[in-house]
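Hi,

Here is the structure I promised to pass along. Have a look at it first, and then read on for my notes.

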Amino acid sequence: MEFFCYHRDRPGSLALRQELVEQHWSYMDRYASEMIARGPTLSAADRTPTGSVHIVDLPGPPAARSFAFDEPGYQAGVYRDVLLRRWRNVLGRTMWEFPGGRTGGTRFLVLGLGPGLGSGEPADLTLPADRDELIAYGPLLSDDESTWLGTAALVRAPDPETARAVLTPDRYADIEVHHWQFGGRPS
């Protein structure tokens with residue numbers, strides 16, 4: 001079962017985050033074979049971390065909650081909240097298989113949250129026409145997969161507006177766009 005996990009940093013927690021980076025990486029090393037994508041979101045202004053995205057394949061919701069809430073940064077108070085949802089890997093690959101590679105271009109996390117007003121029907125379940133720039137893409141779902149709750153995408157795009165355009169605007173209560181980069185230990 002695939003899960004999308006987004007730990008959002010608490011304001012003022014950068015020093016603590018940096019202090020715990022090795023503990024974070026060591027924790028994530030335990031999940032290397034289950035990892036579909038990972039990496040920090042960054043502020044547009046100064047590229048400091050604002051959160052951490054992890055997309056993982058785990059046995060079920062209890063394992064996903066354990067993954068999210070046992071993470072050292074969460075335990076120490078780095079994060080203000082955690083978005084944890086079932087996710088479906090529409091591309092069927094990991095970020096390491098993205099043809100565009102680890103570097104080059106600007107990358108974004110695009111989150112379409114909840115259905116828009118008057119729209120309870122799922123949106124964006126199929127791949128956008130320009131799939132070459134998609135690093136990861138799929139619907140956010142309830143634990144039992146019976147309810148569509150939104151869509152999450154990692155995308156390479158020239159700017160936030162182009163990144164946002166991978167989702168249908170009026171089908172979501174909100175669409176968030178965050179600068180994102182490939183994560184993991186530096187090579």
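Below is what I found, going from the fold to the pockets and then to the salt bridges. One thing to keep in mind throughout: this is a predicted model.

**The barrel**

Start with the strands. Eight of them form a closed barrel, in the order E1-E3-E2-E8-E5-E7-E6-E4, and the pairing is antiparallel. From one strand to the next, the twist averages 30°.

If you want a spot to look at the pairing up close, try strand E1 (residues 2-9) and strand E4 (residues 79-87). These two run antiparallel and are joined by seven bridges. Within that pairing, Phe-3 has Arg-86 of E4 as its bridge partner.

There is also a helix sitting against the sheet. Helix H2 (residues 21-29) packs there and touches strand E2 (35-42), strand E3 (49-57) and E4. The direction of H2 makes about 160° with that of E2.

**The pockets**

I looked at two of these. The largest pocket holds about 440 Å³ of space. It is lined by 24 residues, and the ones closest to its centre are Arg-17, Val-21, Trp-25, Pro-40 and Pro-49.

Which elements build that lining? Helix H1 (14-19), H2, E2 and E3 each put in at least two residues, and E2 gives the most, with four. By class, the lining of the largest pocket splits into 11 nonpolar, nine polar and four charged residues.

The second largest pocket has a volume of about 180 Å³. Here 13 residues make up the lining, and Asp-9, Arg-10, Pro-11, Pro-49 and Thr-50 are the closest to the centre. Pro-49 is worth a click, as it turns up among the closest residues for the largest pocket and again for the second largest.

E1 and E3 each supply at least two residues to the lining of the second largest pocket. E1 gives the most, with three. Sorted by class, this lining has four nonpolar, five polar and four charged residues.

**The salt bridges**

How many salt bridges are there? The count comes to 10. One to pull up on screen is between the side chains of Glu-176 and Arg-8, at 2.9 Å from N to O. This pair links distant parts of the chain: Glu-176 is in strand E8 (residues 172-180) and Arg-8 is in strand E1, and the two are 168 residues apart.

That's everything from me for now. Shout if you'd like to go through any of it together.

Cheers

How values were computed. Residues are numbered from 1 along each chain as its sequence is written. This is a predicted model: local features need pLDDT of at least 70, side-chain atom pairs count only at pLDDT 80 or more; totals for chains, interfaces and linings use all residues. Side-chain values use heavy atoms; hydrogens and water are left out. Two strands pair if DSSP finds at least two bridges between them. Axes are lines fitted to C-alpha atoms, for helices over the stretch in contact, and angles run from 0 to 180 degrees between N-to-C directions. Contact means heavy atoms within 4.5 Å. On a 1 Å grid over the protein atoms alone, a cavity is a set of points where a 1.4 Å probe fits but cannot get out, and a pocket is an open set with protein on both sides within 12 Å along at least five of seven lines; lining residues have an atom within 4 Å of a point. Grid points are joined across faces, edges and corners, and a volume is the space filled by probe spheres set on the points. Ala, Val, Leu, Ile, Met, Phe, Trp, Tyr, Cys and Pro count as nonpolar, Asp, Glu, Lys and Arg as charged, and the others, Gly among them, as polar. A salt bridge is a side-chain nitrogen of Lys or Arg within 4 Å of a carboxyl oxygen of Asp or Glu.
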